[in-house]
Amino acid sequence: PEIGDLRIRYQVLEPMDEVTVFGRAADEKLGPHHGETEKKLYRVFKGTKEDAMSVLKGEYTASGWMGRIGTFVLMWIGLLLILSPLSTAMELIPFLGDIGKGALTMIAFVIALILTIVGTIAFALLHNTVALIIIIAVAAAIGYYLYTKPPKKASPAKH
């Protein structure tokens with residue numbers, strides 16, 4: 001083989017009663033479908049269209065959770081790296097070294113977990129139009145109330 005050669009891979013499918021194919025029909029061939037915002041889609045699923053859609057939805061959900069878990073782990077590692085000079089300084093005192101390292105690990109874990117949860121909720125709200133409109137309306141109502149609220153009158157001082 002030389003640079004530029006193409007490798008072709010074939011896969012034989014077992015006989016199935018009913019399949020769903022996602023692709024684009026061109027003449028007598030079936031090729032990949034390229035949507036405006038999607039990646040290339042060219043797959044065969046055993047079963048009906050609903051079965052195929054449930055498999056795709058499951059894969060999408062799993063990739064979302066893997067992204068969240070990966071984000072949490074990377075954030076936790078990053079916080080541990082940021083706190084490592086403090087951990088090293090705590091090791092100068094013998095009994096504080098082990099306790100301090102464990103405490104900093106737990107603190108970094110809690111901070112990463114809170115930031116991941118808040119980020120996930122904020123991301124979900126920003127991508128839900130109805131929730132975003134409700135949040136803006138509530139914020140505007142609170143702002144209007146605080147802006148138009150009459151100032152408190154000072155009570156007379158007792159002598």
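The side chains of E91 and K101 meet in a salt bridge, with an N to O distance of 2.8 Å. This pair links distant parts of the chain, since E91 sits in the loop between α1 and α2 (94-126) while K101 belongs to helix α2, ten residues apart. The model is a predicted one. The structure holds two salt bridges, and the points below cover these contacts, the strands and the surface patches.

**Salt bridges**

- E91 counts as partly exposed, at 41% relative accessibility.
- K101, the partner of E91 in the salt bridge, also counts as partly exposed, at 40% relative accessibility.
- A salt bridge also joins the side chains of E59 and R43, at 2.8 Å from N to O. Distant parts of the chain are linked by this pair: E59 lies in helix α1 and R43 in strand β6, 16 residues apart.
- E59 has a relative accessible area of 38%, so this residue is partly exposed.
- R43 has a relative accessible area of 31% and is likewise partly exposed.

**Strands**

- Strand β1 covers residues 19-22, and strand β6 covers residues 43-46.
- The two strands run antiparallel and are joined by four bridges.
- Within this pairing, V21 has V44 of β6 as its bridge partner.
- Side chains alternate along β1: T20 and F22 point to one face and are buried. V19 and V21 point to the other face and are not buried.
- V21 therefore has a side chain that is not buried, as a value under 20% relative accessible area is what buried means.
- Strand β2 spans residues 24-26 and contains R24.
- R24 is partly exposed, with a relative accessible area of 43%.
- R24 and Y42 are 18 residues apart along the chain, and their C-alpha atoms are separated by 8.1 Å.

**Negative surface patch**

- D17, E18, E50 and D51 form a negative surface patch.
- Of these residues, E18 lies in the segment before β1.
- E18 is partly exposed, with a relative accessible area of 45%.
- Patch residues need over 30% relative accessible area and no salt bridge, and E18 passes the area cut-off because its value is 45%.

**Nonpolar surface patch**

- W65, M66, I69, V73, L74, I77 and L81 make a nonpolar surface patch of about 750 Å².
- One of the patch residues, M66, is found in helix α1, which covers residues 49-90.
- M66 counts as exposed, because its relative accessibility is 57% and exposed means over 50%.
- V73 is another residue of this patch and is also found in helix α1.
- V73 is partly exposed, with a relative accessible area of 34%.

**Positions along helix α1**

- Helix α1 holds E59 of the salt bridge with R43, and V73 of the nonpolar patch is found in this helix too.
- V73 and E59 are 14 residues apart in sequence, and their C-alpha atoms are 21 Å apart in space.

Note on methods. Residues are numbered from 1 along each chain as its sequence is written. This is a predicted model: local features need pLDDT of at least 70, side-chain atom pairs count only at pLDDT 80 or more; totals for chains, interfaces and linings use all residues. Side-chain values use heavy atoms; hydrogens and water are left out. Patches are made of residues with over 30% relative accessible area and no salt bridge: like charges are joined within 9 Å, nonpolar side chains (Val, Leu, Ile, Met, Phe, Trp, Tyr) within 5 Å. Accessible areas come from the Shrake-Rupley method with a 1.4 Å probe; for residues, only the protein chains shown count as cover. A salt bridge is a side-chain nitrogen of Lys or Arg within 4 Å of a carboxyl oxygen of Asp or Glu. Lys and Arg count as positive and Asp and Glu as negative; His and the chain ends are not counted. The place of a charge is taken as NZ of Lys, CZ of Arg, CG of Asp or CD of Glu. Buried means under 20% relative accessible area, exposed over 50%, partly exposed in between (1.4 Å probe, protein chains only). Two strands pair if DSSP finds at least two bridges between them.
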